[in-house]
Amino acid sequence: MAKKLYVGNLSYNTSEESLRRLFSGFGSVASAKIVTDRDTGNSKGFGFIEMGSDEEASAAIAGTNGREFDGRQLRVNEAMDKPPRDNRGGDRRDRW
């Protein structure tokens, strides 16, 4: 089963392809995604990698956390699940 990793402190110039190449040295990469700003399309400086197995993910964390990449020291760890969102939105008419 794929294991999702958080990759922080990315250079704003890092591409998803270069991130994929870096992590492919530790096993199969199911996906590589850099999070971008919705309005500008610029990188937010972090992303996610999905490795093929728990063992590959552990090797990737050990091999990349603290490593310099594109001039920045990477922060890599297991990704946390996204907390549930309040689906009420901005419409507060239901208060009355």
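This is a guided tour of the structure above, one selection at a time.

**Before you start**

This is a predicted model, in which local features need pLDDT of at least 70 and side-chain atom pairs count only at pLDDT 80 or more, while totals for chains, interfaces and linings use all residues. Residues are numbered from 1 along each chain as its sequence is written, and side-chain values use heavy atoms, with hydrogens and water left out.

**Stop 1: the whole chain**

Show the protein chain as a cartoon. You should find 2 helices and 6 strands. Here helices (H or I, at least four residues) and strands (E, at least two) are DSSP runs, numbered from the N terminus. Follow the chain from the N terminus and the elements come in the order β-α-β-β-α-β-β-β.

How much of the chain is buried? Of its 96 residues, 28% are buried. Buried means under 20% relative accessible area, exposed means over 50%, and partly exposed lies in between (1.4 Å probe, protein chains only).

**Stop 2: the strands β1, β2 and β3**

Select residues 29–36, which are strand β2, and residues 43–51, which are strand β3. These two strands run antiparallel and are joined by 6 bridges. Two strands count as paired if DSSP finds at least two bridges between them.

Now look for individual partners. Val-29 has Met-51 in β3 as its bridge partner, and Ser-31 is partnered by Glu-50, also in β3.

Next, add β1 to the selection. It pairs with β3 in the antiparallel sense, over 6 bridges. Put Leu-5 in the centre of the view: opposite this residue stands Ile-49 in β3.

Then move to the hairpin of β2 and β3, where 6 residues lie between the strands. Gly-41 in this hairpin takes a positive phi near 80°.

**Stop 3: a network around Lys-3**

Select Lys-3 and show its side chain. Which residue forms a salt bridge with Lys-3 at 3.6 Å? The partner is Asp-54, and that distance is between the closest N and O atoms. A salt bridge is a side-chain nitrogen of Lys or Arg within 4 Å of a carboxyl oxygen of Asp or Glu. Lys-3 sits in strand β1 (residues 3–8) and Asp-54 in helix α2 (residues 54–64), so this pair, 51 residues apart, links distant parts of the chain.

Lys-3 also meets Glu-78 in a salt bridge, at 3.4 Å from N to O. This pair too links distant parts of the chain, with Glu-78 in strand β6 (residues 75–78) and Lys-3 in β1, 75 residues apart.

Are these residues buried or partly exposed? Lys-3 counts as partly exposed because its relative accessibility is 21%. Asp-54 is partly exposed at 40%, and Glu-78 is partly exposed at 45%. Salt bridges that share partners join Lys-3, Asp-54 and Glu-78 into one network.

**Stop 4: helix α1**

Select residues 16–24, which make up helix α1. Show the side chains of Arg-21 and Glu-17, which meet in a salt bridge (3.9 Å, N to O). These two residues are 4 residues apart, about one turn of the helix. Arg-21 counts as exposed, at 52% relative accessibility, whereas Glu-17 is partly exposed, at 44%. In total, the structure holds 4 salt bridges.

Stay in this helix and pick Leu-22. With a relative accessible area of 10%, Leu-22 is buried. Try a distance between C-alpha atoms here: Leu-22 and Ala-60 are 9.2 Å apart in space and 38 residues apart in sequence.

**Stop 5: two loop residues with positive phi**

Most residues other than glycine have a negative phi. Where is Asn-9? Look in the loop between β1 and α1. Asn-9 has a positive phi, near 65°, and is partly exposed, with a relative accessible area of 26%.

Asp-70 is the next selection, in the loop between β4 (68–69) and β5 (72–73). Its phi is near 55°, again a positive value in a residue other than glycine. Asp-70 counts as partly exposed, at 41% relative accessibility.

**Last stop: strand β3 again**

Finish with Lys-44, which is found in strand β3. This residue is partly exposed, with a relative accessible area of 45%.
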